[in-house]
Amino acid sequence: MIYDMRTYVCRPGTIKKHMKLYEDHGWEAQSRHLGYPAIYGAVETGDVNSYVHIWVYEDAADRTAKRAAMATDPDWLNYLKLSAEAGNLVSQSNTILTPAAFFDPSKR
């Protein structure tokens with residue numbers, strides 16, 4: 001199992017608008033392909049202009065296949081277009097995590 005943690009930073013004052021844009025145009029398409037994330041939330045302390053989401057995959061091949069399918073979805077492509085036009089995002093960082101040997105995610 002791998003976790004894909006993605007952190008996005010928005011221009012100050014635009015995070016609520018950006019999250020609404022995603023809710024209205026991106027959430028359904030993305031979750032249709034990637035499943036339900038482990039978390040999708042706004043940062044409460046630190047850089048409050050950012051949000052994080054963590055997607056769970058069986059392995060790297062599962063991640064690649066799901067993201068490739070999403071990349072051809074017209075609904076997802078429309079969201080990306082709308083997001084780019086809105087210009088709310090400043091940066092993005094992605095981190096792939098693997099669980100420690102003693103960690104059992106089913107016990108959450």
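The following paragraphs go through the sheet, the helix packing and one aromatic pair of a predicted model.

The sheet comes first. Four strands form an open sheet in the order 2-3-1-4, and their pairing is antiparallel. Strand 2 (39–42) and strand 4 (89–97) are the edge strands, each of them pairing on one side only. On average, neighbouring strands of this sheet are turned by 10° against each other, with direction ignored. Inside the sheet, strand 1 (residues 2–10) is joined to strand 3 (residues 50–57) by eight bridges in the antiparallel sense. One residue that shows this pairing is Met5, whose bridge partner in strand 3 is Ile54.

Helix 3 (residues 60–70) packs on the sheet, where it touches strand 1, strand 3 and strand 4. The direction of helix 3 makes about 50° with that of strand 1.

The next topic is the packing of helices on each other. Two packed helices are described by the angle between their axes and the distance between the axes. For helix 2 (residues 27–34) and helix 3, the angle is about 145° and the axes are 8 Å apart. The crossing of helix 2 past helix 3 is right-handed. Helix 2 contributes Gln30, His33 and Leu34 to the contact, and helix 3 contributes Lys66, Arg67, Ala69 and Met70. By class, the residues of this contact of helix 2 with helix 3 are three nonpolar, two polar and two charged. Helix 3 thus appears in two settings: it packs on the sheet, and it packs with helix 2.

A second helix pair consists of helix 1 (residues 15–25) and helix 4 (residues 74–86), which pack at an angle of about 160° with their axes 10 Å apart. Angles over 145 degrees count as roughly antiparallel, and helix 1 and helix 4 are therefore roughly antiparallel to each other. Helix 1 passes helix 4 in a crossing that is right-handed. On the side of helix 1, the contact involves His18, Leu21, Tyr22 and His25; on the side of helix 4, the residues are Asp75, Trp76, Asn78, Tyr79, Leu82, Ser83 and Ala86. The contact of helix 1 with helix 4 divides into six nonpolar, four polar and one charged residues.

Two residues of that contact, Tyr22 and Tyr79, lead to the aromatic pairs, of which the structure holds eight. The ring centres of Tyr22 and Tyr79 are 5.5 Å apart and the ring planes stand at 80°, so the pair is edge-to-face. Tyr22 lies in helix 1 and Tyr79 in helix 4, 57 residues apart, and the pair links distant parts of the chain.

Definitions and conventions
Residues numbered from 1 in each chain as written. Predicted model: local features only at pLDDT ≥ 70, side-chain atom pairs only at ≥ 80, totals over all residues. Heavy atoms only, no water. Pairing = 2+ DSSP bridges. Axes fitted to C-alpha atoms, helices over the stretch in contact; angles between N-to-C directions. Contact = heavy atoms within 4.5 Å. Left-handed = near helix turned anticlockwise from the far one by under 90°. Nonpolar A, V, L, I, M, F, W, Y, C, P; charged D, E, K, R; others polar. Parallel < 35°, antiparallel > 145°, perpendicular 65-115°, else oblique. Phe/Tyr/Trp six-rings, centres within 6.5 Å; stacked < 30°, edge-to-face > 60°.
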